[in-house]
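Here are some short exercises on pockets and packing, each with a worked solution. Have a look at the model first, then work along.

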Amino acid sequence: MDAETPIATLADVRVPLAVAEGLEGRREGAYLRCDLHLADGRIVAEPTGGPSRAMGGAIALPGFVDCHTHLDKGQIWARKANPDGTFNGALTSVAEDRTARWTEEDVATRMAFMLESAYAHGSVAVRTHIDSGDHRTASSWAAFAAARETWRGRITLQAAALTVLDDVESEDYRALADLVAGHGGILGAVTYPMPDLDARLDIFLRLASERGLDVDFHVDETLDPASNTLERIALAVMRNRFQGRVLCGHCCSLSTMAETDATRTIARVAEAGLSVVSLPLCNLYLQDRHAGRTPRLRGVTLVHELAAAGVPVAFASDNTRDPFYAYGDLDMIEVMRQATRIGHLDHSRADW
């Protein structure tokens, strides 16, 4: 067969029932065994008469959406490792490397390598957070914009500004929100307990709403049960009648709260229409790490309880070969495999 001739039929594949709607075939356990007919890169109902390839029951999956990554941080481990494997160690190491080495060229080079890896592992859409709020912000967003054009038609790219809410009232923050809007991005922030968090969330959501932006939060990336900014976000979204989409990542402390607190919080998350993404690989790496002590708590949020309450739940890669996570290839099969083991997704609902 000519290597340039596109395959028209993938014969005898197994498609998970959860993503097999509209296909015809024979049910086999958790799969539909069928043929996939292709035309112009899309599945069509009837064969087109082109060449067929026998797949021997291989599993066919849709392209992956990796909805929480950090392409600007990735691949710096070799030059700036985490000294002790802790969250604070990661923060310090990344800040030092960012100050010393992050130019537009450096960020672009690392992004290119990571997107090659993501594409090779089957991802068709990636959202990356971009550290924002200093003089390197513009160059990082420029590197992202160039990558988005380079990968157009192969990987759909989104970017979310990663910020803190300390200066949300400033003119600089408004300018940052304008920059994000100009790039068609998402406004993002890290939330942690602070006395005036509610007022700052109100301002943040108003800035996003005025520009028609969705929002994406890093939430409660700690095992402290007293840290419950997830509930505050839900209340703020309802209080402000925010119409954009809201994604909350990590939510680790939900796993250590008293049952009554967790149940109340999950109910409010569902009521507010929030979505949650769990990052099990990174959280396993960072959470409950103490020298010479075996970790007891693993930081994975309450995915079963959230899903049972009707909250959309996803899993994603997060960091890749940087001080927040020393490993990884933006391989969503690896994320799926490990999330299944870590979160006991097997022997559970069939559509994980």
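The exercises below go from the open space to the packed interior.

This is a predicted model, where local features need pLDDT of at least 70, side-chain atom pairs count only at pLDDT 80 or more, and totals for chains, interfaces and linings use all residues. Residues are numbered from 1 along each chain as its sequence is written, and side-chain values use heavy atoms, without hydrogens and water.

**Exercise 1.** Describe the largest pocket and its lining.

Step 1. Its volume is about 1600 Å³. On a 1 Å grid over the protein atoms alone, a pocket is an open set of points where a 1.4 Å probe fits, with protein on both sides within 12 Å along at least five of seven lines; lining residues have an atom within 4 Å of a point.

Step 2. There are 49 lining residues, and Phe64, Phe315, Met336, Asp351 and Trp352 are the closest to the centre.

Step 3. Helix H10 (332–342) is among the elements giving two or more residues, and H10 contributes the largest share, seven residues. Helices are DSSP runs (H or I, at least four residues) numbered from the N terminus.

**Exercise 2.** Which residues have the most contacts inside the largest nonpolar core?

Step 1. Such a core joins buried Ala, Val, Leu, Ile, Met, Phe, Trp, Tyr and Cys residues through side-chain atoms within 4.5 Å; buried means under 20% relative accessible area (1.4 Å probe, protein chains only).

Step 2. Among the 76 residues, the answer is Phe204, Phe217 and Leu274. Helix H5 (residues 197–210) supplies the largest share, seven residues.

Notes
Grid points are joined across faces, edges and corners, and a volume is the space filled by probe spheres set on the points. Buried means under 20% relative accessible area, exposed over 50%, partly exposed in between (1.4 Å probe, protein chains only).
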